[in-house]
Amino acid sequence: MSARSVIGALDPDRYEIFPIGITHAGNWFIGENVLDALEQNKTDSLDHAVIFPEPGYPGLYAIRNEQYVKVTDLDVLFPVLHGTFGEDGTVQGLFELADAAYVGAGVTGSSVGMDKGIFKDVMRANDIPGVNWVIVRRSEIEQDMETVIRQAESLGGYPLFTKPANLGSSVGISKCNNRSDLSEGILEAAAFDRRVIIECGVVNASEIEVSVLGNDSPIASVCGEVLPSREFYSYESKYIDGTSGLIIPAKIPAATSDQIRALAVRAYKGIDCAGLARVDFFLEKETGRVLLNELNTLPGFTSISMYPKLWNATGITYPELVDRLIQLALERKAERDHTTREFRRGE
């Protein structure tokens with residue numbers, strides 16, 4: 001859905017678009033109406049596609065009759081991909097090996113932004129406040145669930161949230177109101193990752209989000225508030241039903257808005273992010289305390305997604321936003337080209 005929105009926003013007079021579809025199994029395909037074909041699980045008419053992980057073979061190749069056939073050169077790759085293998089640094093590593101320009105954060109920023117546990121450690125090192133949490137491994141869960149539950153309950157009272165350490169779009173996240181919920185939530189999260197993060201719930205708080213744009217000198221959008229239609233901002237709320245309320249700009253004091261926007265930029269720089277990110281916060285209603293929740297390096301990009309809506313309210317339209325992201329990708333590639341990649345002793 002995000003990919004369709006981005007493709008629809010690209011000016012065909014400026015860009016020649018080559019959609020690459022990726023199946024759930026990880027196979028790459030190109031061809032006519034590739035997105036429709038993937039949705040219908042009908043890939044017989046498509047060509048397998050590949051980008052070689054070395055700079056000597058730039059561009060996009062199709063596999064035809066057991067031969068690699070070059071389809072086109074590629075100026076910019078736009079990974080409109082959520083979750084594992086899309087925003088965790090893996091596909092970004094492929095693009096780096098191919099010496100290609102691409103939209104969004106690099107390997108480090110992507111992987112740290114994706115891994116909720118490591119991200120929270122980096123935020124703590126940068127004195128950016130967040131909720132209390134604990135990380136447990138699947139092996140610990142399988143060996144002694146009772147100890148894991150006691151460890152989680154030591155964080156504070158219910159509700160607690162269980163999340164896969166590496167995933168996106170709220171997949172595998174559970175709100176746990178009691179010990180039974182917690183046990184089920186831990187198992188659900190562990191199905192998606194070998195590491196599970198358990199967090200304190202923040203009671204009576206607003207969910208505030210900020211969009212960030214840029215490379216070395218990023219800027220932050222106005223703040224927006226999410227009013228979840230479900231118990232929390234779930235996958236369905238983000239992509240399917242669109243029933244969650246969005247208040248843009250958020251009705252919060254100007255000083256609080258400035259504080260949140262500044263923290264968003266600090267978090268963005270703290271993980272060496274680039275291109276874009278959406279940074280999510282909790283704002284305690286009684287105390288006014290701001291807590292960073294997470295940073296999404298490839299946020300939802302549909303017509304109902306918060307990231308483009310916040311920029312639209314700040315003065316950048318959806319097509320302008322896509323254009324700017326592509327330009328930022330080219331600028332970052334030019335910066336990478338200034339870096340010396342080899343050292344020869346004595347020369």
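This report describes strands, helices and cysteines in a predicted model.

## Basis of the description

The model is predicted, and local features need pLDDT of at least 70, side-chain atom pairs count only at pLDDT 80 or more, and totals for chains, interfaces and linings use all residues. Residues are numbered from 1 along each chain as its sequence is written, and side-chain values use heavy atoms, with hydrogens and water left out.

Helices (H or I, at least four residues) and strands (E, at least two) are DSSP runs, numbered from the N terminus. Two strands pair if DSSP finds at least two bridges between them. Strands of a sheet pair through backbone hydrogen bonds, either parallel or antiparallel.

## The sheet of four strands

One open sheet has 4 strands in the order β6-β9-β7-β8, and the pairing is antiparallel. Its edge strands are β6 (133-137) and β8 (174-176), each of which pairs on one side only. From one strand to the next the twist averages 25 degrees; such angles run from 0 to 180 degrees between N-to-C directions, and axes are lines fitted to C-alpha atoms, for helices over the stretch in contact.

Strand β7 (residues 160-164) is joined to β8 by 3 bridges in the antiparallel sense. L160 has C176 in β8 as its bridge partner. Helix α8 packs on the sheet and touches β7, β8 and β9, with a direction about 15 degrees from that of β7. Helix α5 (residues 116-125) lies across β6, β7 and β9 (195-200), and runs at about 50 degrees to β9.

## I186 in helix α8

I186 belongs to helix α8 (residues 179-190). I186 counts as buried because its relative accessibility is 0%; buried means under 20% relative accessible area, exposed over 50%, and partly exposed in between (1.4 Å probe, protein chains only).

Leaving aside neighbours within four places in sequence, I186 is in contact (heavy atoms within 4.5 Å) with I141, M145, V148, I149, T162, V196 and I198. One of these partners, V196, is 10 residues from I186 in sequence, and their C-alpha atoms are 7.1 Å apart in space.

## Cysteines

The structure holds 0 disulfides, a disulfide being a pair of cysteine sulfur atoms within 2.5 Å. C176 is in no disulfide, and the nearest cysteine sulfur, that of C200, is 12 Å away. C176 is buried, with a relative accessible area of 0%.

Why is the sulfur of C223 too far for a bond? The closest cysteine sulfur, in C273, is 17 Å from that of C223. C223 also counts as buried, at 2% relative accessibility.

## The sheet of five strands

Another open sheet has 5 strands in the order β12-β11-β10-β13-β14, with antiparallel pairing. β12 (245-247) and β14 (290-296) stand at the edges and have a single partner strand each, so one side of each is left without a neighbour in the sheet. On average, neighbouring strands of this sheet are turned by 30 degrees against each other, direction ignored.

Within this sheet, 10 bridges pair strand β10 (residues 205-214) with strand β13 (residues 275-284) in the antiparallel sense. V212 stands opposite A277 in β13.

## Strands β3, β4 and β5

Strand β3 (residues 47-50) runs antiparallel to strand β4 (residues 60-64), and 3 bridges join them. Here H48 stands opposite I63 in β4.

β4 also pairs with strand β5 (residues 67-72), in the antiparallel sense over 5 bridges. T72 in β5 is the bridge partner of L60. The hairpin of β4 and β5 has 2 residues between the strands, and N65 takes a positive phi near 55 degrees there.

## Helices α1, α12 and α3

Two packed helices are described by the angle between their axes and the distance between the axes. Helix α1 (residues 2-9) and helix α12 (residues 318-336) have axes that come within 9 Å and cross at roughly 95 degrees. That makes α1 roughly perpendicular to α12; angles under 35 degrees count as roughly parallel, over 145 as roughly antiparallel, 65 to 115 as roughly perpendicular and the rest as oblique. S2, S5, V6 and A9 in α1 meet Y318, P319 and V322 in α12.

In helix α3 (residues 90-97), V91, Q92, G93 and F95 are buried. The buried residues of α3 pack against β2 (28-30) and α4 (107-114). Just after α3, D99 takes a positive phi of about 60 degrees.
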